[in-house]
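Ready for a few short exercises? Open the structure, try each task yourself, and then follow the worked solution step by step.

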Amino acid sequence: MGNETKSSGASSLGGGGGGGFRAKMEHYVYSGEKKHVLAGIGIFTVIFGIPWYLMNRGSNNHRSHQDYMEKADKARKARLSSSSSSDKFSIKALDSVVRVHPQAMGMASMNSNGESLKLCVFDLRRGQNEGQELDKILFFYPPDVSFSTQLSVIGLSEGLITFTRLFSPEAACEVIEAERHSHVFYEAEPDIWMVMVVEKNKEIEAIWRVDALQKVLKEVHSLFVMFHGSIRSLLDKEPTGGLIRSHLYPFITDYLNDLSVGKKLQLPSFRETLKERGTVQMLTLARDAALEVQSLVGVLDSCAGTLRCHSLILFHDLLVSTTLSPDDTVDLFTYSVMRLTSNALSSGTSSWSYLRKGTSLSQTSSRSSSPQLVGSSDPLPLGNGNDAGRVIRPLQHNKWSKGKDGFLVTDIWGKDATPTIWLQQSQERVHLLAYQHKCLTLVLLVPTVAIVNGELDISFVKHQVIENASAKILKVEEKLSKGWGGENAYHVSGYRYLLVDNDMEVSRASPSGKVATLAKETLLAINKLRETVDTEKSRTKQEKEMEICIRAKNNAWAIARLTRGKELYMALEKASDTLLDATDSVQSFSNRYCNGTFSMD
Amino acid sequence: MKEKNSTTASTLGRILATCSKQAKDYGSCVASKVHEVEKDLCLKEFLALKNCMQHTVKIMSSRPSSSQTSVGSGALSHAYIQHPSLHCNIPESRGLFYDDANRLLICVTSSQVFSWETAPPFNPDVSPSVDSVPEGPILSVRFSLDEKVIAVQRSDCEIQFFHRETKKKLTHKCRAGSESILGFFWSDSPLCDLAVVKTSGMDLFACDSAMNLRLVETKKVNVNWYIYTHESRLVLLASGLQCKTITGFQLSTAGVVRLPKFEMTLATTESNSKPIISAGDVHLVTVYGRIYCLQVDREAMLLHTYRFYRDAVVQQGSLPIYSSKLSVSVVDNLLLVHQIDAKVVIIYDLFVDSRAPVSAPLPLLWRGYQGSDSSSQAANKENKSPESSTSNENIVMYEDAWAFLVPDLILDQTNKVLWRVHLDLEAISASSSDRTSLLEFLQRRKLEANKAKQLCLGIARALILERRPATQVTQAIDVLVTAYSYSVKAGIYKELKNEKTTATPPTDGASPDNERGRASGSSIDGEEEVEMDLPSGSSDEQQESQLSSPAISPDELYKFVFASVEETMVEESDYLVAIITEFLRSISAEKLKVDLNIYVMTVRLLARSKRFAELSLFITNKIIEPSKEVALQLLESGGQNLRVRKLGLDMLRQLSLHHEYISSLVQDGYYLEALRYAQKRKVTSVRSSLFLEAAFASNDMQHLAAILRVLSELIPGFKETSEYYTFHGLLNETSSSVAV
């Protein structure tokens, strides 16, 4: 397919950074026929923001323009039929935003059943031949749409990926904005793509940030990998694809259940703009508490004899300590907050958890009463000859409960079976044991190698934990509860902020209850600001320092500061503030709460 | 420290190490003649090796540190008496007395009184002072507390006093017939200076400088016998048929306190329904500042303990005894119960609630020579020890004529020698398996504080090297840290290594630290851990005399335990980190400070085992306290991990170490940020060429121009420097269009 486009010409374009390619398609139409996707692309106009230091590279661009035209032609032959003339096509810098104007064609209605979201997973390496296109599809949501609709969505996505790879082979298309839909792309694994199609409706709530949507895709995928291993490995295990389909279907559906509010899926909208998915929220510890925690970690480390156990400790929904790499920590943290912590366990009875559903406070209905998209008793489709009953569904609700000994139990992995997960960092499978004492949740990861006698060894490890660590657990819980500032502990009055540390994958934000008090205009301004920053960031790999201040319609200030991997977004709703005042506020915030990280003037 | 003592294997290792040459010779001899091997073929080499090994053993055993493989009876022991003893063999001696108030050993002849100082430090070579007294029978002798007056009991109704300077003489008599004098002692209570115990009670007298006695008070009690020790200032008067009703008075500096009367416990059997307690069955001991009374109950074979409080006497359990004849000594606050018939001594630590002995019953040992006690002995040990060992070969342990003097002296009345009882801490620690309680035990030792300290360090190190479970090591560390914190609070611990701490301040990272320590030549710092325990040279000895507490400061723990095991624990840094965490927790619980090198070490260990996530947790939670050294270590370890490097940079910035921060930023290629920072903070110490070269290397002429401009504003006179010309010239060459 379009894989041969890893050309020197294109990569010379991408030499400056290899950033993502954002295409914005304002109107587009396609035939809707079952086999070919014929995206008519009319006029390509390019809007580019060229940093001043790239100005003097003009000659370079002219040279590569030739190569790139050739590639474009090839690509057209392969996938796209385009009526556009290539001379209207001008790209001067790699990090431009491509706006696609399809004119002549209309698109078949995608939301046959009023569904506002489509989510698909497909493998570009499969179904290369005519008639076998269905083979590509690994997952499609909603499951009840016709194959032709599924194929048309995937065909379009594939076409766009192939096309954009010409310009940016390393990171192809990220998003296509059409009039009524946004297509968000995420390449989860090489040639395995996840695409989310969201409907733009008139409601104001449907304003989102592309990165936030992408983070959703990323989160589903990494959670999936944590439990089942990579999609590719499952495909390799059973090339017919039945296995992966039978795993993906319940998993993603269970995940989407979490997003559903009432009967609708609630996607991260602009209201959640002061939040960062895919990061960990940490509890700030005093030194003595930290030492107690670390001492507990030391005990947990050695609970399975000589082999070191990893552990994760949470207090309420905040991370206290981890011995895992940031990526693994994020995955496990996400899962813990979703299903394991005391708040998650009690969510069956009380629907409210300020961290998970904070933004939709007003709309949240009790989860238990909300209809589940896939009930646990539903027969699993797409079995493809596989024993569907054996598929593990770790994201099912209300499957975890606290046992008598303080350890959490579940029958997701089968009766009396201990859950196992896959760690990316060490590439090993580990048993997951969760222990809970009041609001303290301990997740202990025991290497499978250390467990020779199955459940016997597991119960030995549990015994070790109870024997050696109980006293310390009590002490830590006591210390943390004493220092616990409640759900609004990290509220700084006068500020609404989001702090992201990309290195550690840690974020901290104003409590959502407080963010909810911001005016809609302010939130929209921050959303806009974040989008701008996302674009800027994707243009270059090197971390840079950046400061952007926007004055919103309601005279609020939206401020972003980036410095060496750390980001600070802030809303200041004091209409009387001048820019100078706003900067001073940021400065004092930075000095007081971020060790002066963002003091850059 | 003394690992070699705790395991026999290391003893052998030491021997072999010393005799490596001979061993090699013998080995190569055998190897070369392996085909024609026959008896005595390599005899010469073998004999050389044998001699060397025997010699080494001898040297080692002459040291107190290798007590188990000892001379003398060759048996294991935890307590020993040691040559040289104090010889008090005066011709025509009429008797030996001990004045426990002044710690004088007194030998009397018909007209003279010889007295030897025995107060610690016990010096056997002290010469006696001689006083002459008129002839006559002498029942007991005691010097007044200022040692100006000698009081001599002549009979059961007469005591004579002689002033040593004025030669004044005074005779005190009691009513003959109706009462008799049981004894007397001097007191330092403000009320009285002298107490005379008679069968009818106790008379307290004041004595002025002119030696006039004035009766102050009389305590009427029927007394069968009494005991008194000066260290407790307590006199117990026994009355009743079985002598088990005890009236006690404490003649302390606060006045005379009457203790409540109490009855001793006595078991009765059919054969002996009314056993009688004699004075020899009751002992007063003072340990850890508490006063105990020990009473032998022969029928029950128990030693009852009573503790004296101001207003109460409380029985505190009983110790089993294995001998009808019994005596006690107190060494370094430990109770030594001599089971004389069984010829063993059992050591108890009354500090702990349990009445279990510290160690198994073992005989008291006679030991020929102790090396580390005084340097003069060390000098003549070669010629002295053989001679004295022959002279003392007729020692019989626990002879009938032995008298046990308060607190820790043994007087052999047959041989007329006086010994001091010593404890062998190494042997005790070697025989104890519970390291935590052993450490507690050692931390309570005052007498041989340095030895106890070194043993503690050795135990701590061994625990880690043996990879004991972290909980065990934690307990041990807690013990040491709490003991230190306690002794600091109590003011016992003195920072005695002033000159050393100034010699090794962690100013510029670790390496110069080391060198300086070596250069200063002070024994502890300079020599590596193997040598630390050797009683080599004078500095060690000084230390021993200075050291009043075995408490180990966190810095020393770091230096002698953690730093010294780091090398060997490379493979197990996880374990070591866990231990260090516990150490830090323990220290922070006691609100103590520690050498920041331990933080540097923690960073190094975490980075080595690639635990970067935890490392950043340690930093953000301030478990590792920020410092320049830590920051530099982070930068160094950050070579493998950018995040770690950033942590180091952040730390530099937070510590306002502008120069280092800017240099590191430039090094990472962030020269613009660095320059901006320099401009803001007005830092001019960073070489300007750093920025210029970085910008030039990035081939960005605009940046170069900007930097030149900023620098010429920042540094006065920059435009005159050669750098400015060089780069300005370069700039003009490359692009004439860019204006500066």
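## Exercise 1: Two lysines in loops

Lys591(B) has a relative accessibility of 73%, so Lys591(B) counts as exposed. Keep in mind throughout that this is a predicted model.

**Task.** Where does Lys591(B) sit, and how does Lys622(B) class by its relative accessible area?

**Solution.**
- Step 1: Find Lys591(B) in the loop that links helix 16 (573–589) and helix 17 (597–608) of chain B.
- Step 2: Look at its backbone: Lys591(B) is not a glycine, yet its phi is positive, about 60°.
- Step 3: Move on to Lys622(B), in the loop between helix 18 (612–620) and helix 19 (628–637) of chain B. Lys622(B), not a glycine either, has a positive phi of about 60°.
- Step 4: Use the cut-offs: buried is under 20%, exposed is over 50%, and partly exposed is in between. With 36%, Lys622(B) is therefore partly exposed.

## Exercise 2: A sheet and its edges

**Task.** Which strands stand at the edges of the open sheet in chain A?

**Solution.**
- Step 1: Write down the strand order, 12-11-17-16-15 in chain A, for this sheet of 5 strands with antiparallel pairing.
- Step 2: Read off the edges: strand 12 (318–322) and strand 15 (420–423) of chain A each have a single partner strand, so one side of each has no neighbour in the sheet. From one strand to the next, the twist averages 30°.
- Step 3: Zoom in on one pair. Strand 15 and strand 16 (residues 428–437) of chain A run antiparallel and are joined by 4 bridges. One example is Thr420(A), whose bridge partner in strand 16 is His431(A).
- Step 4: Add the helix. Helix 7 (residues 287–301) of chain A lies across strand 11 (310–315), strand 12 and strand 17 (440–447) of chain A, at about 140° to strand 11.

## Exercise 3: A covered helix

**Task.** Is helix 9 of chain B mostly covered or mostly uncovered?

**Solution.**
- Step 1: Locate helix 9 at residues 449–465 of chain B, 17 residues in total.
- Step 2: Check its span: 24 Å from first C-alpha to last, close to the 24 Å expected.
- Step 3: Count buried residues: 16 of the 17 are buried, so with buried meaning under 20%, helix 9 of chain B is mostly covered.
- Step 4: Look just past the helix, where Arg467(B) follows with a positive phi near 55°.

## Exercise 4: Confidence

**Task.** Where in chain A is confidence lowest, and where is it highest?

**Solution.**
- Step 1: Start with the whole chain: the mean pLDDT of chain A is 74.
- Step 2: Compare elements: strand 2 (residues 43–47) of chain A is lowest, with a mean of 32, and strand 11 of chain A is highest, at 93.

Terms used. Residues numbered from 1 in each chain as written. Chains lettered and ligands numbered in written order. Predicted model: local features only at pLDDT ≥ 70, side-chain atom pairs only at ≥ 80, totals over all residues. Heavy atoms only, no water. Pairing = 2+ DSSP bridges. Helix = DSSP H or I, 4+ residues; strand = E, 2+ residues; numbered from the N terminus. Axes fitted to C-alpha atoms, helices over the stretch in contact; angles between N-to-C directions. Contact = heavy atoms within 4.5 Å. Expected span 1.5 Å × (residues − 1). Buried < 20%, exposed > 50% of the residue type's maximum accessible area, 1.4 Å probe, protein only. pLDDT = per-residue confidence, 0-100.
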